[in-house]
Structure formats: C-alpha cells, structure tokens
Amino acid sequence: MRLVPAMMPCSMRSTFLTVAVCTGLCAPVAAQAQSSAPLEILYGFTLIDGRGGLPIPDAALAIQGNEILTVSTRRELLSGPDAPRDAVATNLGGGFVVPGLIDAHVHLATAPNRQRAEAELYRMLYAGVTGVRDMAGDGRALASLARDSRLGLIDAPDVYFSALMAGPSFLSDPRPQSSAAGETAGDVPWMQAITPETDLVTAVAQAKGSYATGIKIYANLEPAIVRNITAEAHRQGMRVWAHSMVFPTRPLEVVTSGVDVISHVCRLAWEGMADAPTEYHHDELPLYDHLDAESAIFTELFDAMKREGTMLDATLAMYARAGENPDNPLSDRCQVDFARSLVERAHREGVPIIAGTDFSTPRTDPYPSLHRELEELVNFGGLSAMSAIESATRVAAEAIGIEDTYGVLERGRPVTFVLLDRDPLQDIGNLRSVKAVWKNGERFDRSSYRPRR
Ligand SMILES: [Zn+2]
C-alpha cells in the first residue's frame with residue numbers, strides 16, 4: 001500500500017490554479033516532493049458539500065494528490081476558458097458525492113483485539129466512514145491504530161481518541177481494567193483517576209502525551225472538578241467530551257462547565273429528577289413516565305447547550321436497538337420514545353447533533369452502525385436528511401476539532417469524500433449505496449470490498 005500524501009498539503013503542483021490556492025505557507029520542498037501527482041478532474045455527479053446548502057448538479061472537482069484544488073461544474077472545468085489542458089478527466093458515471101462520514105462514538109480497544117479492530121475499521125472505510133472518534137479504550141492500542149491509519153498501513157478511517165478521566169471509585173469497572181491491562185487502571189496517561197488533589201496541569205499534559213485528541217469525562221466527579229478539567233484541557237488545546245450525566249454532576253452542570261460534547265441522550269433524563277444517584281454504578285432509573293421532553297427543565301438545558309455551543313452525541317440507535325431486544329442489558333435503562341422525543345426537541349431548539357453509535361452491527365452485516373444512527377436521527381429525531389449528513393460530517397468534525405480540515409468539501413481541503421449511487425437527500429438509507437470512497441487522496445472501490453471476520 002502506498003503512503004498517502006501529507007494531510008493538508010499546501011503545495012500546489014499544477015500549472016493551473018496555482019496562484020489562486022497557494023498561500024504564503026506553501027513550502028517549496030513539499031511542492032517539489034509532490035509535483036509528480038497528476039492533476040485530475042472528476043466529473044459526472046451531484047455534489048453535497050457538507051455545508052447544508054443546495055446540492056450542485058453536474059459538479060466537478062479538480063484534485064491533485066490529496067488536495068481539492070477547485071470545486072466547480074463540469075462545464076467550467078472541462079470546457080470553460082480556464083479549463084486546464086494537462087488534466088486527466090474521469091467521469092464518475094453519475095451519483096452523489098458527500099464528504100467522508102465520521103462516526104463520533106466508537107470503541108475500538110476496550111479490550112484490544114487488533115484483528116477485530118482492523119476488520120471493523122475496514123468495514124467502516126468501505127461504507128464511507130473516513131473518521132472515527134473513539135470514546136475510551138486502551139490508549140496504547142488506539143495510538144497504534146491511529147498511526148497506522150494515518151500512514152496508510154491499514155485500510156481504515158482516521159482514528160481520533162479520548163483519554164478518560166473519572167473518579168477513583170469508577171476505575172474498578174471491568175472496562176477500564178481491561179483497557180489498562182498490565183498497568184493500573186486510573187494510573188496511566190490514557191485513563192486517569194482524578195481527585196480534588198490531582199494536579200490537573202500534569203494530568204491533562206499526560207493525557208495529551210498519550211496522543212489523545214480529547215478528554216473523556218466519564219463518571220464520579222463533582223461539578224467543580226468537571227469545570228477545572230474542562231478549563232485546563234481547553235487551555236492545553238484539547239477537546240472535552242463528557243457523559244451527559246457524570247454522577248453526581250448533572251447534565252446542566254456538565255453543560256455549563258463548558259465541555260464540547262455530551263454523550264447519551266437518555267441520561268439527560270436525570271436532569272428532570274429531584275434525586276439522582278451520586279455514583280455511576282447504581283440500580284436506579286429515571287422515572288421516565290413522569291418526564292416530558294417539552295418541559296421547562298429541558299428548555300433550560302437546551303438553552304444552555306445553545307449558549308455554550310455544546311453538541312449532543314445522542315447515540316439514539318444504540319438505545320433503539322437495545323429496546324428491540326429484552327436480553328440486551330440496556331433494554332430497560334432507557335425509554336426509547338422519550339429519548340427520540342428529546343433528540344427531536346434538542347434539534348428543533350438548535351442544539352448541534354453529532355452522529356455517534358457506541359455499538360457495532362453484527363460482523364456478518366456488510367455495513368457499520370453509523371448508517372443505522374443516521375436513519376434513527378431522520379426517522380425519529382426530526383432531522384432532515386441534509387441535517388443528518390451534516391451531523392456525520394461538518395458538525396462531527398467540529399466535535400473532534402478537525403473542522404478546518406475535514407467535514408466540508410471545498411478548495412484546499414483533503415481528497416476525502418464518498419461517491420454514492422443514489423441520492424441520500426431522498427432517502428438517508430442511500431448513504432449505503434457506496435460506489436467508492438476517497439480518503440486522504442487514496443481511492444477505495446466498494447466493488448473490491450471483501451468481508452473480514
Ligand atoms: Zn461509549
């Protein structure tokens with residue numbers, strides 16, 4: 001497998017458009033190193049660029065190596081006055097191009113199994129998923145997957161992951177135990193036990209040193225600690241991703257701490273309860289029958305999320321799937337209709353929604369769970385198909401902090417997008433009709449996909 005070009009090359013190699021897109025940041029050395037990449041014009045598709053505007057029919061992209069040089073129309077790029085003469089033109093044969101999709105909630109290495117993780121990532125990539133946000137696991141394994149994907153050594157989405165922080169009492173949970181195997185859970189850079197005495201400057205620096213992109217605030221932390229972790233992580237340039245209920249810190253307190261994303265819509269129900277448990281491991285459930293998504297409690301919560309810019313990682317399909325199976329341990333933890341109505345209201349109120357799954361489809365399924373989440377968001381969460389696409393592209397990229405690079409297709413961005421056979425705006429399920437995926441300049445044809453177990 002060849003190495004992919006640098007993620008955001010500023011080298012403009014072509015004779016065409018060089019002045020238009022090159023900036024003062026361009027490095028002559030890089031320009032020389034990549035000058036061999038041919039200039040290509042891709043045409044014959046409708047473009048959905050990830051910004052939510054009208055699709056561009058009969059669109060065309062000028063690309064070179066891993067860079068989009070121009071977003072335009074076939075007419076302009078093939079026969080307009082500025083059409084390049086030295087380009088290779090490729091007709092994609094109809095269909096729809098969307099930015100590469102991002103699953104904003106995966107677990108690739110809770111108890112690491114490299115073969116299984118690679119199989120899952122391979123399935124994701126060929127289904128249009130070009131980025132994932134891992135929400136806590138073994139940082140050693142995750143860093144290795146992230147590196148190998150970045151270098152093009154495995155066929156996989158780009159991997160971004162979190163370093164977990166929680167109160168010491170949470171760390172006896174079997175998941176952190178397996179994610180720290182060989183070491184002590186709570187005492188490793190990717191999974192730290194936090195107390196009021198913890199030196200947070202050092203703790204965050206250690207998390208950052210594990211190659212993590214964000215801190216995941218999991219459980220058993222008081223509001224003041226959640227606030228302090230968030231402030232220090234932001235100061236050191238890390239994203240902060242929290243469970244929506246941190247026990248004892250409640251959803252509104254989590255939001256007003258300034259975290260970037262909260263996960264799991266069903267746990268927002270605790271905001272409506274006068275009494276809530278103080279620790280994660282407990283047997284209590286919110287009294288769903290007494291809760292109403294339209295109540296003033298959730299008005300205040302969603303107002304705060306809008307004010308703070310907090311994104312909601314609903315993981316709605318996980319709850320829906322669990323509700324279909326009484327043997328699923330999650331089946332009685334959430335009331336699916338309530339969860340759906342909360343997502344619908346959050347979206348209506350203007351809270352940014354990101355598409356995260358937190359589960360895998362069976363290994364025999366040729367598609368990963370992200371498609372299921374997007375269908376849930378459209379069919380039950382009130383999102384338009386366009387909003388759902390944004391939730392897995394532009395908005396998800398913002399959650400990770402890669403919005404300046406990924407999530408939108410425009411000049412200067414990496415060649416990372418998906419070619420679909422059918423219109424996803426007509427039916428969000430058409431995101432499954434993948435013909436080919438480009439990730440960082442490399443093309444993967446769906447026809448060459450071979451299931452791995
Ligand atoms: Zn999770």
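The lining of the largest pocket divides into 24 nonpolar, 14 polar and 11 charged residues, and I should say at once that we are looking at a predicted model. The space in this pocket comes to about 1200 Å³, and of the 49 residues that line the pocket, the closest to its centre are His 107, Thr 110, Arg 175, Asp 358 and Phe 359. If we ask which elements contribute, E6, H4, helix H6 (174–179) and helix H11 (316–323) each supply at least two residues of the lining, and H4 gives the most, with five residues.

Two of those central names come back when we turn to the metal. The zinc ion is coordinated by His 105 through NE2, His 107 through NE2 and Asp 358 through OD, at 2.1 to 2.4 Å, and along the sequence these donors follow the spacing H-x1-H-x250-D. The site therefore links distant parts of the chain, since His 107 sits in the loop between strand E6 (101–106) and helix H4 (114–126), while Asp 358 sits in the loop between strand E15 (353–354) and helix H13 (370–379), with the two positions 251 residues apart in the sense that they are 251 residues apart.His 107 is partly exposed, because its relative accessible area is 35%.

Let me move on to the aromatic residues, where the count comes to 14 aromatic pairs. Tyr 122 and Tyr 449 form one that is stacked, with 5.3 Å from centre to centre and 20° between the planes. Since Tyr 122 lies in helix H4 and Tyr 449 in the segment after strand E18 (442–445), the pair ties together parts that are 327 residues apart in sequence. Are these two residues, Tyr 122 and Tyr 449, buried or exposed? Both of them are buried.

Another pair involves helix H4 and strand E18, namely Tyr 126 and Phe 444, which are arranged edge-to-face, at 5.7 Å centre to centre and with 80° between the planes. Tyr 126 belongs to helix H4 and Phe 444 to strand E18, so this pair ties together parts that are 318 residues apart in sequence. Tyr 126 is buried, with a relative accessible area of 6%, and Phe 444, at 6% relative accessibility, counts as buried as well.

Charged side chains also meet the rings of the stacked pair. The charged end of Arg 446 sits over the ring of Tyr 449, 4.3 Å from its centre, and Arg 452 lies over the face of Tyr 122, at 3.7 Å from the ring centre.

That brings me to the enclosed spaces. Rolling a probe the size of a water molecule over the atoms shows where empty space is left. How many cavities of 30 Å³ or more does a search of the whole structure find? The search finds three. The largest cavity holds about 100 Å³ of space, and of the 15 residues that line this cavity, the closest to its centre are Gly 100, Thr 130, Tyr 406, Gly 407 and Thr 416. Strand E7 (129–134) and E8 are the elements that give two or more residues to its lining, which divides into eight nonpolar residues, six polar and one charged.

The second largest cavity, with about 60 Å³ of space, takes us back to some residues we have already met. Its lining is made up of Arg 116, Ala 119, Glu 120, Arg 123, Arg 363, Tyr 449, Pro 451 and Arg 452, and these residues divide into three nonpolar, no polar and five charged.

Finally, I would like to point out some features of the backbone. Most residues other than glycine have a negative phi, and most peptide bonds are trans. With that in mind, please look at the loop between strand E12 (239–243) and helix H9 (251–256), where Pro 248 lies. The peptide bond from Phe 247 to Pro 248 is cis, with omega near 5°. Phe 247 is found in the loop between E12 and H9, and its phi is near 50°, a positive value in a residue other than glycine. At 0% relative accessibility, Phe 247 counts as buried, and together with Phe 170, Tyr 218, Trp 270 and Tyr 280 it forms one aromatic cluster.

A positive phi is also present at His 264, where the value is near 80°. His 264 is found in the loop between strand E13 (261–263) and helix H10 (296–308), and with 5% relative accessibility His 264 counts as buried.

Definitions and conventions: Residues are numbered from 1 along each chain as its sequence is written. This is a predicted model: local features need pLDDT of at least 70, side-chain atom pairs count only at pLDDT 80 or more; totals for chains, interfaces and linings use all residues. Side-chain values use heavy atoms; hydrogens and water are left out. Donors are N, O and S atoms within 2.8 Å of the metal (3.2 Å for Na, K and Ca); water is not among the atoms, so sites may look incomplete. Helices (H or I, at least four residues) and strands (E, at least two) are DSSP runs, numbered from the N terminus. Buried means under 20% relative accessible area, exposed over 50%, partly exposed in between (1.4 Å probe, protein chains only). Rings of Phe, Tyr and Trp (its six-membered ring) pair if their centres lie within 6.5 Å; planes under 30 degrees apart count as stacked, over 60 as edge-to-face and the rest as tilted. A charge sits over a ring if NZ of Lys or CZ of Arg is within 6 Å of the ring centre and within 35 degrees of the ring normal. On a 1 Å grid over the protein atoms alone, a cavity is a set of points where a 1.4 Å probe fits but cannot get out, and a pocket is an open set with protein on both sides within 12 Å along at least five of seven lines; lining residues have an atom within 4 Å of a point. Grid points are joined across faces, edges and corners, and a volume is the space filled by probe spheres set on the points. Ala, Val, Leu, Ile, Met, Phe, Trp, Tyr, Cys and Pro count as nonpolar, Asp, Glu, Lys and Arg as charged, and the others, Gly among them, as polar.
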